[in-house]
Amino acid sequence: MQNIQNYINGEYSNPIQELWIDNYNPANGEVYSQIPNSQSDDVEAAYTAAKSAFKEWSNTTLEKRSRIMLKISELIEANLDKLAEAESKDNGKPIWLAKAVDIPRASSNFRFFANAITQFASESHESVGQNAINYTLRQPIGIVGCISPWNLPLYLFTWKIAPAIAAGNCVVAKPSEVTPMTAYLLGDICTQAGLPKGVLNIVHGLGGSTGQAIVAHPDIKAISFTGGTVTGAHIAKVAAPMFKKLSLELGGKNPNIIFADCDYDDMLTTTVRSSFANQGQICLCGSRIFVEETIYEKFKADFVERVKNLKVGHPSAADTKVGALVSKPHLEKVMSYIDIAKEEGGNVLCGGNKITVEGYENGYYLEPTVIEVPTDECRVNQEEIFGPVVTIMPFKTEEEVLQMANKVKYGLSSTLWTNNLKRTMRMSNQLHAGIVWVNTWLMRDLRTPFGGVKDSGVGREGGFEALRFFTEPKNVCIKY
Ligand code: NDP
């Protein structure tokens, strides 16, 4: 049994009260490690370490910060196999996916922000005729809190930490309690890379206690959070009276809109991926598929055939396309939506059942599921399921599909398949989303703003947006 420890002031340590939580391997349902159930005293210790490191780190040259971050990036790459295995074991995702996407992306996050900080410029304004010049400083906030979810554990954890430390802040961070392992391993990598003690502090534990203690800490002045919309709303409520800066990346119920004039084969292949990648547990998955009626029957048959062929299996098997869901409660939640769909008149075209994988009978496996829904207003079409379950339905006109696409409380991303340029422009302008992909999905350029509208969140991550979030602008006006 490998126990996980907190990483505070550059060292691993047990939680002060010696409280622990079981950590499960979703592929076989077994407890394989214990993690700290950190309380507010652990968060306080992390805060104190961060505070004592802040003066020096915020005065460290950009070149030095950048060099250390590049080293972290290199060490993540050098530990690719170990980190990918840990991620897969914790989360249930296929190991090849962790190797090809999650861990390389964590490395890119550090590399990207190591470079971005050296290019991050502030403004100056000459007040013509008044003999004055204004310039704007971009100063680090101080101690910031980063809280991340379980679906893309190291990827999203580092997406917050990298810009935070690049901008000169010190961090108290909490990964999801269900996927703590790679965040734990990151501590050692940071030490090896020469990150000064206290710049990054990682406390493990439950959202309601450890996470809550970070959000409620009066001197942690900014919170960058990725997770569910309900949790995001709670965090906003706790943080508001303290006027904390907040970045909230929340849930999604993203439309995948398919017009008959698209490149069909490309669309079909990508739609299988955008529906079931990472067991459908990506906030950007296109979980509501709308298909122009002239190609609806053909799409339905082709899509279902492809989905039936997706191999569900143990995350370490090379041919596994869909691994295990992250936890038992999550599997139960996802399955409850299949029952809800049936009650609402949905037609399960394929999947819908729990799968037993030989040798791993207690793992959390579910067949990729496609549900034809009678109306866009049913619950499975409105609520975030966050698993390998998608809905499909036909549409007749652009106006109709636009209305259905926008008629949800979320607004994270949208995918559009068409070769009609004018339609692309019209729809991209009108879709309620922070991100619109046209004839592709999940193509990311780290310089671009990332985030959602409506209940999908507040603020943007990525590129200079992230560096703006993690700094306070201060205008200086000098009369000469
Ligand atoms: P949760 O909101 O349950 O948890 C996210 C993180 O917040 C976890 O670390 C959790 O800890 C912690 N947390 C829970 N309660 C509190 C609290 N009261 N105060 C502070 N922290 C708290 O989300 P999930 O982990 O279930 O992740 C899935 C959700 O994340 C989905 O809704 C998905 O759409 C969203 N998401 C959004 C993305 C985006 O960029 N917009 C990207 C990826 C996911 P613990 O694990 O211990 O509960």
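How far is an oxygen atom of the ligand from an N or O atom in the side chain of Thr 231? I looked it up: the distance is 2.7 Å, a polar contact (a pair of N or O atoms within 3.5 Å).

I note that this is a predicted model, in which local features need pLDDT of at least 70, side-chain atom pairs count only at pLDDT 80 or more, and totals for chains, interfaces and linings use all residues. Residues are numbered from 1 along each chain as its sequence is written, and side-chain values use heavy atoms, with hydrogens and water left out.

I checked two further polar contacts. A ligand oxygen atom lies 2.3 Å from a polar side-chain atom of Glu 177. For Ser 148, a polar backbone atom is 2.8 Å from an oxygen atom of the ligand.

I then listed the shell, taking residues with a heavy atom within 4 Å of the ligand. There are 32 residues around the ligand, and Glu 177, Thr 231, Leu 250, Cys 283 and Glu 384 are the closest. By type, I find 14 nonpolar, 14 polar (Gly counts here) and four charged.

I looked for the source of these residues. Helix H7 (207–216) gives the most, four residues. Strand E10 (222–226) and helix H8 (229–239) each supply at least two.

Last, I checked the domains, whose bounds come from an automatic or database assignment. The ligand lies between domain 1 (2–250 + 456–479) and domain 2 (255–452), because both give residues to its shell.

Definitions and conventions. Polar contact = N/O pair within 3.5 Å; in protein donor to acceptor, adjacent residues only side chain to side chain.
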